[in-house]
There are 2 protein chains.
Amino acid sequence: MAVTDEAIEKIKGMIVSGALRPGDRLPKESELAAELGLSRNSLREAVRALSLIRILDVRQGDGTYVTSLDPQLLLEALSFVVDFHRDDTVLEFLAVRRILEPAATALACPRISDAELDRLQAQLDALGPEPSVEELVACDLEFHRGIVQSSGNSVLRSLLDGLSGPTTRARVWRGLTEEDAVSRTLHEHRAILAALRDRDAEAARSWATVHIASVEQWLRSTP
Amino acid sequence: MAVTDEAIEKIKGMIVSGALRPGDRLPKESELAAELGLSRNSLREAVRALSLIRILDVRQGDGTYVTSLDPQLLLEALSFVVDFHRDDTVLEFLAVRRILEPAATALACPRISDAELDRLQAQLDALGPEPSVEELVACDLEFHRGIVQSSGNSVLRSLLDGLSGPTTRARVWRGLTEEDAVSRTLHEHRAILAALRDRDAEAARSWATVHIASVEQWLRSTP
DNA sequence: CCGGACCAGACATCCGACGTATCGGCCCCA
DNA sequence: TGGGGCCGATACGTCGGATGTCTGGTCCGG
């Protein structure tokens with residue numbers, strides 16, 4: 001195995017074993033390189049790789065630190081990876097969202113605060129009559145994120161965040177600019193909010209399912 | 001932004017835009033470095049980072065290639081990331097599995113082949129009366145993987161694979177060595193198989209839920 | 001006491017050289 | 001002529017050192 005890969009494994013080992021804990025500072029590059037028995041250049045490759053997936057946080061002029069290792073932070077890397085997927089797998093991603101999102105909505109039902117419901121409602125109302133694709137994407141993202149956030153499961157939240165990042169959503173909405181599709185989707189958003197307000201978990205779950213399924217069906221019918 | 005990060009973005013852009021397609025070979029390091037306007041060392045850091053998450057595949061003496069970009073391959077990186085999570089989030093991961101796994105089992109119900117069912121059955125039967133933790137983990141992993149594989153959704157498959165990798169599962173099973181917990185879990189495996197054989201999706205889904213919930217409950221009751 | 005200049009430390013980037021694995025063509029030997 | 005091994009070209013792997021740039025803390029003057 002290459003020395004760089006060894007270094008990645010060793011650093012991973014130090015973190016997993018607890019020798020390095022979240023927030024800890026690593027020895028400076030030259031020392032760590034000597035310690036692991038490789039050159040500073042090769043070590044930098046390892047550090048850079050771990051930095052890309054948010055395991056390490058390097059600050060020029062300061063030092064290299066272990067991140068908080070929060071699920072949110074780590075799964076954020078998922079978003080980066082998802083961006084590489086080709087359009088032909090968007091339906092598979094949507095199918096997974098169709099599983100997770102209703103469940104998340106049901107989980108959020110008894111937990112979401114009235115203030116948050118008000119905020120989401122206001123956000124829907126703020127959308128003008130002729131929204132741009134960018135506005136739709138941002139609104140859609142914020143709406144679902146707000147609900148999932150209230151599910152109380154940070155792994156679930158990060159996963160859905162990553163799976164339906166800006167790229168994926170933009171792909172979907174780009175195809176949804178037809179008038180009726182947009183208005184129907186926004187209507188479904190309102191229905192989900194109403195069910196949450198009634199604390200009716202089963203209705204909220206069903207509306208979430210219907211919402212995703214309708215998007216799915218729309219995508220399937222238009223090549 | 002650092003030149004290396006720029007390089008990562010540029011290479012990502014080349015792939016997402018279609019200029020580089022799966023299987024394509026990149027220009028050699030020195031050329032690509034000149035093209036992107038940075039040194040070979042810095043470029044190597046970018047390539048190494050993208051290689052860690054399976055976007056690129058570097059072969060010494062040959063060249064650097066874009067991977068197949070299959071969902072399976074890309075989400076495989078998820079497993080690496082998940083390994084870093086601390087034990088206190090294992091319940092959140094399990095909660096997500098509890099959502100995904102029953103759905104995957106239901107999806108697999110009409111699709112899984114008799115041959116695959118036989119294979120999984122044989123594997124369960126092959127487990128001795130005093131299995132080691134390693135054997136239990138391997139068996140558990142293969143059982144669920146076999147079912148999820150038959151769901152027909154490669155994103156779902158990869159996601160569950162990544163979420164419940166060896167590390168996570170080992171953590172769970174390490175706490176499950178008590179006699180009755182093991183036998184009960186294995187019994188649930190058999191029940192899931194039986195439901196699949198009957199092509200009873202609702203029963204299969206419920207057994208899968210019960211299966212995960214019981215593990216969850218067990219973990220929750222033992223600090 | 002406060003603010004700005006200064007300085008040491010640590011990461012960022014680059015260069016050039018050498019090691020090593022791979023591939024493919026050339027040559028030799030049946 | 002067909003096959004197999006040798007060998008060099010090619011490209012990644014690793015290294016050491018030099019220099020730039022940024023950050024944080026210290027020290028001094030107002």
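Here a trainee and a mentor talk through some contacts in this predicted model.

Mentor: Residues count from 1 along each chain as written, while chains are lettered from A and ligands numbered from 1 in written order. Local features need pLDDT of at least 70, side-chain atom pairs count only at pLDDT 80 or more, totals for chains, interfaces and linings use all residues, and side-chain values use heavy atoms, with hydrogens and water left out.

Trainee: Why is A:Glu76 said to form a salt bridge with A:Arg54?

Mentor: A salt bridge needs a side-chain nitrogen of Lys or Arg within 4 Å of a carboxyl oxygen of Asp or Glu. The closest N and O atoms of A:Glu76 and A:Arg54 are 2.4 Å apart, so the pair fits the rule.

Trainee: What makes B:Asn41 a polar contact of DNA strand C?

Mentor: A polar contact is a pair of N or O atoms within 3.5 Å; within protein, one must be able to donate a hydrogen and the other to accept it, and residues adjacent in sequence count only if both atoms are side-chain atoms. A polar side-chain atom of B:Asn41 lies 2.2 Å from a base nitrogen of the strand, so that pair qualifies. B:Gln60 has a polar side-chain atom 3.3 Å from a base oxygen, and A:Lys28 has one 2.9 Å from a phosphate oxygen.

Trainee: Which residues come nearest to DNA strand C?

Mentor: Near means a heavy atom within 4 Å. Of the 24 residues around the strand, A:Lys28, A:Arg44, B:Val3, B:Ser39 and B:Asn41 come nearest. Sugar and phosphate make up 66% of the strand's atoms within 4 Å of the protein.
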